[in-house]
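Here are a few short exercises to work through with the model open beside you. Try each task before reading its solution.

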Amino acid sequence: MLSTARSKGLSQVLTSTPSVSIPSFLLPAFPIASRSFSASTCRNSHIGSAVLSIPPEVTFKVIPPPPPARGSAVAGRPLVKIEGPLGKMSMSIEPFIKIEHDENTRKAIVRVEDREVKNQRAMWGTTRAYLQNHILGVSEGHNAILRLVGVGYRATVEPASNVTTKTPEFEGQQFVVLKVGYSHPIELPVPRFVKASTPQPTRILLEGPEKEVVLLFAAQIRKWRVPEPYKGKGIFVNGEEIKLKNKKIK
């Protein structure tokens, strides 16, 4: 028989829970409570909160959304129509985007219903940037300048009658013809509402009211001779520069 003191000590050892120590290299695998990166309050979008200036020759209209169809709970989207000397453009905006337009001062401010919502903050600046590009496009226009760098590289703008590998998509469509080292000329159709010209044999000037269409066509031309970093040859867009590398020595 064990003594009373020894039996109490043995029972304490058997009933006690052993302490488990976690190795230090396993600690990052467990969630650790930490404070957020920034404790400051949510601020307004610097781009979205900027005021839109509307030139006198530009018409800016915000058309409210149509009522939802019968039996449908989905509401339509507001429509913004912008008209100027270079053309007409329109874009639909999200229902939570609010535009305050003052016709007397010719100013417009873009707002959102709740700037604490991430999606609304993201679309705030995006919508304002699109509207600014449309206003500038119908009043002054957007352009892209392409430089052809390489021996024998040149470009011309030809009518559809001088093109052999492409068919025009609309009446009066022109084609940019590239001679950039291939065994055959590259013929690219100019998109609608985009004007292409060649002030020099190694320069291409693209002009149009919609910035996205102009730069997309410039990218399509550039992909036929992407600038390479060893000799510096290729098609450069809007002052594009590359860092030259040393030649590979075997």
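This is a predicted model, so please read the solutions with that in mind.

**Exercise 1.** Work out how strands β3 and β4 are joined.

*Solution.* Start with the residue ranges: β3 covers residues 79–84 and β4 covers residues 87–92. Next, look at the direction, which is antiparallel, and at the bridges between the two strands, of which there are six. One residue to check is leucine 79, whose bridge partner in β4 is serine 92. Finally, follow the chain from β3 to β4: a hairpin of two residues makes the connection.

**Exercise 2.** Search the whole structure for aromatic pairs and describe what you find.

*Solution.* The search gives one pair. Its members are tyrosine 182 and tryptophan 224, with centres 6.0 Å apart and planes at 90°. Planes over 60 degrees apart count as edge-to-face, and this pair is classed that way. Now place the rings: tyrosine 182 is in the loop between β9 and β10, while tryptophan 224 is in the loop between α3 and β13, so the contact ties together parts 42 residues apart in sequence. As for accessibility, tyrosine 182 is partly exposed at 36% relative accessible area, and tryptophan 224 is also partly exposed, at 28%.

**Exercise 3.** Find which arginine lies over the face of tyrosine 182, and which ring has the charged end of arginine 192 over it.

*Solution.* Over tyrosine 182 lies arginine 225, at 4.7 Å from the ring centre. For arginine 192, the ring belongs to phenylalanine 170, and the charged end sits 4.3 Å from its centre.

Technical notes
Residues numbered from 1 in each chain as written. Predicted model: local features only at pLDDT ≥ 70, side-chain atom pairs only at ≥ 80, totals over all residues. Heavy atoms only, no water. Pairing = 2+ DSSP bridges. Helix = DSSP H or I, 4+ residues; strand = E, 2+ residues; numbered from the N terminus. Phe/Tyr/Trp six-rings, centres within 6.5 Å; stacked < 30°, edge-to-face > 60°. Buried < 20%, exposed > 50% of the residue type's maximum accessible area, 1.4 Å probe, protein only. Lys NZ or Arg CZ within 6 Å of the ring centre and 35° of its normal.
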